[in-house]
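Thank you all for making the time this morning. I would like to walk you through one structure, going from the whole chain to a few of its details, so please have a look at it first.

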Amino acid sequence: MDDPGRKTRIYDTAGELQRQSRPGKDGFRVVITGKGGVGKTTITAILSHLFVKQGFSTLAVDEDPQMNLPYALGVPTSEEVVPITSNLDYIEEKTGARPGSGWGLMMSLNPDVSDVVERFGMRGPGGVNILVMGTVVQAAGGCLCPENTLLDSVIRYINLRKGEVILLDTQAGVEHFGRALARGFSQALLVTDPTFNAVQVVKKAVQLAEDLDIKRRYLVINRVRSDSDIKKVYSILGDTKDLFSGMFYLPYESEMLECEPDVRGIIGTDSGFVGGVDEIRREIQECCKGYDGNSSDNSLWDE
């Protein structure tokens, strides 16, 4: 018979573990979010390669269930990508419970996942490190299944890694903010195109990002064809646009479809889209100048 008091104690313990988690100060993290299909994964992939070209150690984390980020980074589409959530032995090893085992087992709520990048990370083309999470369902909404307990710990561990650019490509929508996956990420790129539904998603997301105390919140308007597209987005945002720290505009380019899914073919060309993403890279990097990290060597953050 279920013990309601036991479940309450478990939820309280999980909440306390989240409150005690603190991001590492030597490095920076960017969460990329928005409605599905607006270009989050493409932007994340190009940013990853641009940061590597600048000499940064870069970890691209795919939290989207579609798991397209590795292929956008240049991993061959013929290569199968297995997410952390499908590594059942690892989940059981770390949490003490196997997915589908249900209640009745003692499950670690704070598993040691310090080996997760080394064991399951991929070294992508160009030197980008890739970690594919798999889907996270209701992790802060009451679900304490082994998969979500593990992925919660992976996110906390990523926040503690030092000296890395960490880019988190999220699933569509704003639910991940409700699950507190963005805690510890200091910057957010909120991506939209000039459609009403897409703008509505970032309108909600920027408010949630502010609630999570993400200091720098950038609006990225993708597939801009004319000034009227930008005006349309502003009109839908209304006063919400004041919550953004800055705004970037990426032009519509049919060439982006031709290089899909691997973005490497367009990097190094005279693409206005890539040039716009590089402006975003410079803004993110500029924020790291004079970074007061825990390490005595902050040269990584100097241009």
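The accessible surface of the chain comes to about 13,800 Å², and carbon and sulfur atoms account for 47% of that surface. Please keep in mind that what you see is a predicted model, so these values, like the others I will give, are computed from that model. The chain has 303 residues, of which 52% count as buried, and its secondary structure consists of eleven helices and eight strands. If we take the contacts between residues at least 6 apart in sequence, 78% of them join residues that are at least 24 apart.

Let me turn to the sheet. The eight strands form an open sheet with mixed pairing, and their order across it is 3-4-2-5-1-6-7-8. At the edges stand strand 3, residues 122-123, and strand 8, residues 246-251; each has a single partner strand, so one side of each is left without a neighbour in the sheet. Helix 8, which covers residues 196-211, packs on this sheet and touches strand 1, strand 6 and strand 7, with its direction at about 165° to that of strand 6. Helix 11, residues 272-286, lies across strand 1, strand 6, strand 7 and strand 8, and runs at about 160° to strand 8. Elsewhere in the sheet, strand 2, residues 58-62, pairs with strand 4, residues 129-132, in the parallel sense over four bridges, and within that pair D62 has V132 of strand 4 as its bridge partner.

I would like to stay a little longer with strand 6, and to ask how many of the six residues of this strand are buried. Six of the six are, so strand 6 is largely enclosed by the rest of the structure. Both of its faces are covered, since Q187, L189 and V191 are buried on one side, while A188, L190 and T192 are buried on the other. As for its neighbours, strand 6 pairs with strand 1 in the parallel sense over five bridges, and there T33 stands opposite L190. Strand 6 also runs parallel to strand 7, to which it is joined by six bridges, and here L189 stands opposite Y218 of strand 7. Taken together, strand 6, helix 8 and strand 7 make a right-handed β-α-β unit.

Next, two of the helices. In helix 9, residues 227-237, the buried residues are D229, I230, V233, I236 and L237. Seen down the axis of helix 9, these buried residues fall within an arc of 125°, so they line one face of the helix. An α-helix has 3.6 residues a turn, so residues three or four places apart point the same way. On the other side of helix 9 we find D227, K231 and S235, which are exposed. What, then, covers the buried residues of helix 9? The cover includes strand 6, helix 8, strand 7 and strand 8. Just after helix 9, G238 takes a positive phi of about 60°.

Helix 4, residues 88-95, can be read in a similar way, with Y90, I91, K94 and T95 as buried residues. They cover an arc of only 105° around the axis, which puts them on the same side of helix 4. Just after this helix, G96 takes a positive phi of about 85°.

Finally, some points about the backbone. Which residues other than glycine have a positive phi? One of them is D213, with phi near 65°, which is placed in the loop between helix 8 and strand 7 and is partly exposed, with a relative accessible area of 48%. Another is R223, with phi near 60°; this residue is found in strand 7, and R223 is also partly exposed, with a relative accessible area of 32%. The last point concerns the peptide bond from E260 to P261, which is cis, with omega near 5°. P261 is found in the loop between helix 10, residues 255-259, and helix 11, the helix that we met earlier lying across strand 1, strand 6, strand 7 and strand 8.

Note on methods: Residues are numbered from 1 along each chain as its sequence is written. This is a predicted model: local features need pLDDT of at least 70, side-chain atom pairs count only at pLDDT 80 or more; totals for chains, interfaces and linings use all residues. Side-chain values use heavy atoms; hydrogens and water are left out. Two strands pair if DSSP finds at least two bridges between them. Helices (H or I, at least four residues) and strands (E, at least two) are DSSP runs, numbered from the N terminus. Contact means heavy atoms within 4.5 Å. Axes are lines fitted to C-alpha atoms, for helices over the stretch in contact, and angles run from 0 to 180 degrees between N-to-C directions. Buried means under 20% relative accessible area, exposed over 50%, partly exposed in between (1.4 Å probe, protein chains only). The arc is that of the directions from the helix axis to the C-beta atoms. A crossover is right-handed if, with the strands pointing away from the viewer, the path from the first strand over the helix to the second runs clockwise. Accessible areas come from the Shrake-Rupley method with a 1.4 Å probe; for residues, only the protein chains shown count as cover.
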